[in-house]
Amino acid sequence: MSAFRTTTHPHVHPGGNEAAGRERGTHRESSKRVVSGVLAVGTLAATLALAPAAAVGAPAAVTKPAAAAPATTLVFDKNQSSPSDSRLRVYRGGKLQAAYRAGSGHGKRIKEDCVRNQGWMPNGNWKIKLKDRRYNGRLIKGYAVWLENMPCSRKTTTRTEMFIHSEMNRDGSRGKTEARRWDGASDYASNGCVKLNPTDIAKMFGLLDRIGWPTHLRVIN
């Protein structure tokens with residue numbers, strides 16, 4: 001009766017096949033992770049490479065310029081038939097905002113704009129030099145608009161010390177002397193300046209402070 005023999009391979013341990021399978025499985029998983037990592041890095045690189053091109057190619061947002069504010073215009077329209085019943089008008093964007101009775105000049109030569117201290121204000125665009133609610137001049141006080149000097153129509157005389165003003169105290173109150181006290185229609189007469197009554201010049205200042213002051217006074221007839 002022959003004895004049963006067990007043949008043992010010197011390099012194979014019990015459970016060796018199972019360990020080898022586990023090792024091969026681990027290697028495959030590692031390879032998958034490496035491949036996945038490479039693909040992820042490649043995708044990220046491609047995304048970063050394309051992003052600037054997309055940004056450059058994207059249309060830039062267009063910002064519309066702000067609309068310019070409507071221009072304010074101040075116009076003194078001299079009345080040929082009655083200079084002391086002329087009109088000072090305020091326009092904004094070409095639309096009439098207010099009109100005030102005004103006068104300029106006095107005496108027999110009232111329409112001769114080259115006559116100092118008597119003729120009415122010459123036509124043209126008078127630059128506004130200063131505007132003040134509490135002007136303190138020797139003759140003019142209170143609400144006043146001081147204009148730059150301008151030559152008359154024949155260029156023979158330069159009209160100076162020309163204002164838009166009224167008759168009042170510096171604080172706007174009614175004075176006691178004739179030069180500080182508005183008495184009525186006769187006070188629209190002037191030495192060439194544009195004169196308004198105290199109520200109207202205060203209204204004009206309030207309106208122009210609100211809608212914007214022009215840079216010039218335009219004089220026409």
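I started at strand 4 and strand 10, which pair in the antiparallel sense over four bridges. For my own record, pairing needs at least two bridges found by DSSP, and strands are DSSP runs (E, at least two residues), numbered from the N terminus.

Note to self: this is a predicted model, with local features needing pLDDT of at least 70, side-chain atom pairs counted only at pLDDT 80 or more, and totals for chains, interfaces and linings using all residues. Residues are numbered from 1 along each chain as its sequence is written, and side-chain values use heavy atoms, with hydrogens and water left out.

Next I looked up Leu217 in strand 10. Trp126 has Leu217 as its bridge partner, and Leu74 stands opposite Leu217 too. Strand 1 and strand 10 run parallel, joined by four bridges.

Then I checked the side chains along strand 10 (residues 216-220): Leu217 and Val219 point to one face and are buried (under 20% relative accessible area, 1.4 Å probe, protein chains only). His216, Arg218 and Ile220 point to the other face and are not buried.

I zoomed out to the whole sheet. It is open, has eight strands in the order 3-2-1-10-4-5-8-9, and its pairing is mixed. Strand 3 (95-102) and strand 9 (194-195) are the edges, each pairing on one side only.

Back to strand 4 (residues 124-136): it pairs with strand 5 (residues 141-147) in the antiparallel sense over six bridges. There, Ile128 has Leu147 as its bridge partner.

Key
Buried < 20%, exposed > 50% of the residue type's maximum accessible area, 1.4 Å probe, protein only.
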